[in-house]
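I opened this model to look up a few places in turn and to write down what I found at each. The entries follow the order in which I looked.

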Amino acid sequence: MSEKQTPIALTIAGSDSGGGAGIQADLKTFAAFEVYGASALTAVTAQNTLGVTAVHELPVDVVHAQIDAVATDLGMDAVKTGMLSSAAIIDAVAERLESHGVQQLVVDPVMVAKGGDRLLREDAVAALASRLLPLALVSTPNAEEAAALCGHPVQTMEQARGAAQAIHGMGCRYVVVKGGHFGEDAVDVLYDGSSFTEFPAKRIATTSTHGTGCTFASAVAAGLARGGSVESAVSDAKAYVTAAIAAAPSIGAGHGPLHHFHAWWA
């Protein structure tokens with residue numbers, strides 16, 4: 001954390017008009033962790049609990065300018081990236097993060113929305129791996145994203161460990177392969193280049209899982225912005241997301257949002 005009294009985190013991601021994922025979920029999560037949240041939008045989506053009906057990418061120079069505006073005035077104790085959409089946006093984001101010397105970067109390699117709509121062009125996956133992952137302190141892929149990055153299925157804990165090792169080899173220092181899409185329980189596995197740490201939680205039977213990936217990565221970034229270690233940030237993020245799922249309200253007819261402020265509204 002910087003010398004400022006208030007920790008500051010920046011999210012670089014797309015907007016979700018339904019409020020359950022993307023920039024909206026990120027800023028709610030930062031607030032829940034008592035971190036000041038700033039944002040740089042990469043795209044605007046027309047989205048609700050049933051799916052994505054429209055996407056408008058912002059011009060690269062506008063994404064570039066947003067990052068610079070935050071970095072040159074507010075500063076950034078941690079940065080989280082989410083939906084980046086295209087190789088051109090990925091390249092611009094990587095270039096600006098390098099220019100500003102960002103050390104605590106959490107990369108959530110968002111590829112597909114909860115309803116199955118694609119949020120990252122297929123030709124941009126290679127750019128994500130080659131340009132952004134080498135800058136990351138932590139990457140937080142789910143099973144499907146890990147499989148796309150490493151080129152083999154992720155359906156078991158053994159495969160998750162192998163994927164974590166492969167993604168670590170792409171340059172990021174820590175990898176969390178999330179267990180929400182496989183296994184009897186939801187066990188996330190953290191790899192630091194030499195050892196694995198597991199973060200288990202009982203699976204919750206619910207359809208209110210919209211924005212879980214965004215929320216988890218943002219919680220990790222918030223923990224880092226507050227001065228925590230990667231291990232403590234991941235542990236706190238796991239506990240926070242699990243509780244937010246358990247307390248989720250019934251909103252929408254599809255995959256509903258989490259309860260980001262469950263600790264205050266209970």
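**Entry 1: Thr215**

I began with Thr215, which counts as buried because its relative accessibility is 0%. I am working from a predicted model, and I keep that in mind for each entry below. Thr215 lies in helix 7, and a polar atom of its side chain is 2.8 Å from the backbone oxygen of Gly211. Leaving aside residues up to four places away in sequence, I listed the residues that Thr215 touches as Ala25, Thr29, Tyr240, Val241, Leu258 and His260.

**Entry 2: helix 1 and the residue after it**

Two of those contacts, Ala25 and Thr29, took me to helix 1, residues 22–32, where the buried residues are Gly22, Ile23, Ala25, Asp26, Thr29, Phe30 and Ala32. Against which elements do the buried residues of helix 1 pack? I found strand 1 (8–16), strand 2 (36–48), strand 4 (78–81), helix 7 (212–225), helix 8 (230–246) and helix 9 (262–265).

I then looked at Glu34, which follows helix 1 and sits in the loop between helix 1 and strand 2. Its phi is positive, about 60°, although Glu34 is not a glycine. Is Glu34 buried or exposed? Glu34 counts as exposed, because its relative accessibility is 57% and the cut-off for exposed is over 50%.

**Entry 3: Ser85, another positive phi**

Ser85 also has a positive phi in a residue other than glycine, here near 75°. I placed Ser85 in the loop between strand 4 and helix 3 (87–99). At 4% relative accessibility Ser85 counts as buried, whereas Glu34 counts as exposed.

**Entry 4: the nonpolar cores and helix 4**

Next I looked up the nonpolar cores, remembering that in soluble globular proteins nonpolar side chains tend to be buried together. The largest nonpolar core has 47 residues, and those with the most contacts inside it are Ile12, Val93, Leu132 and Val154. A second, separate core of 30 residues includes Phe30, Phe33, Ala217 and Ala244. Phe30 is also listed among the buried residues of helix 1.

I followed Leu132 further and, not counting residues up to four places away in sequence, found that Leu132 touches Thr81, Leu84, Ile90, Val93, Ala94, Leu97, Leu105, Val107 and Ala127. Leu132 is one of the buried residues of helix 4 (residues 125–132), together with Val125, Ala127, Leu128 and Ala129. What covers the buried residues of helix 4? The cover includes strand 4, helix 3, strand 5 (105–107) and helix 5 (143–150).

**Entry 5: the cavity**

I searched the whole structure for empty space and found one cavity of 30 Å³ or more; the volume of the largest cavity is about 30 Å³. Which residues line the largest cavity? Its lining is made up of Thr81, Gly82, Leu84, Asp108, Pro109, Val110, Leu120 and Leu128. By class, the lining divides into five nonpolar residues, two polar and one charged. I noted that Thr81 and Leu84 belong to this lining and are also among the residues that Leu132 touches, and that Leu128, another lining residue, is one of the buried residues of helix 4.

**Entry 6: Lys178 and Glu144**

Asp108 of the cavity lining is also among the contacts of Lys178, so I turned to Lys178, which is buried with a relative accessible area of 9%. Lys178 is found in the loop between strand 7 (174–177) and strand 8 (188–191). Which backbone oxygen does the side chain of Lys178 reach? The side chain of Lys178 reaches the backbone oxygen of Thr140, at 3.0 Å. Not counting residues up to four places away in sequence, the contacts of Lys178 are Asp108, Thr140, Pro141, Asn142, Ala143, Val187, Asp188, Gly213 and Phe216.

Glu144 is in helix 5 and counts as exposed at 52% relative accessibility. The C-alpha atoms of Glu144 and Lys178 are separated by 9.7 Å, with their positions 34 residues apart along the chain.

**Entry 7: Asp236**

My last entry concerns Asp236 in helix 8, which counts as partly exposed at 45% relative accessibility. Asp236 and Cys172 are 64 residues apart in sequence, and their C-alpha atoms are 20 Å apart in space.

How values were computed
Residues are numbered from 1 along each chain as its sequence is written. This is a predicted model: local features need pLDDT of at least 70, side-chain atom pairs count only at pLDDT 80 or more; totals for chains, interfaces and linings use all residues. Side-chain values use heavy atoms; hydrogens and water are left out. Buried means under 20% relative accessible area, exposed over 50%, partly exposed in between (1.4 Å probe, protein chains only). Helices (H or I, at least four residues) and strands (E, at least two) are DSSP runs, numbered from the N terminus. Contact means heavy atoms within 4.5 Å. A polar contact is a pair of N or O atoms within 3.5 Å; within protein, one must be able to donate a hydrogen and the other to accept it, and residues adjacent in sequence count only if both atoms are side-chain atoms. A nonpolar core is a set of buried Ala, Val, Leu, Ile, Met, Phe, Trp, Tyr and Cys residues joined through side-chain atoms within 4.5 Å. On a 1 Å grid over the protein atoms alone, a cavity is a set of points where a 1.4 Å probe fits but cannot get out, and a pocket is an open set with protein on both sides within 12 Å along at least five of seven lines; lining residues have an atom within 4 Å of a point. Grid points are joined across faces, edges and corners, and a volume is the space filled by probe spheres set on the points. Ala, Val, Leu, Ile, Met, Phe, Trp, Tyr, Cys and Pro count as nonpolar, Asp, Glu, Lys and Arg as charged, and the others, Gly among them, as polar.
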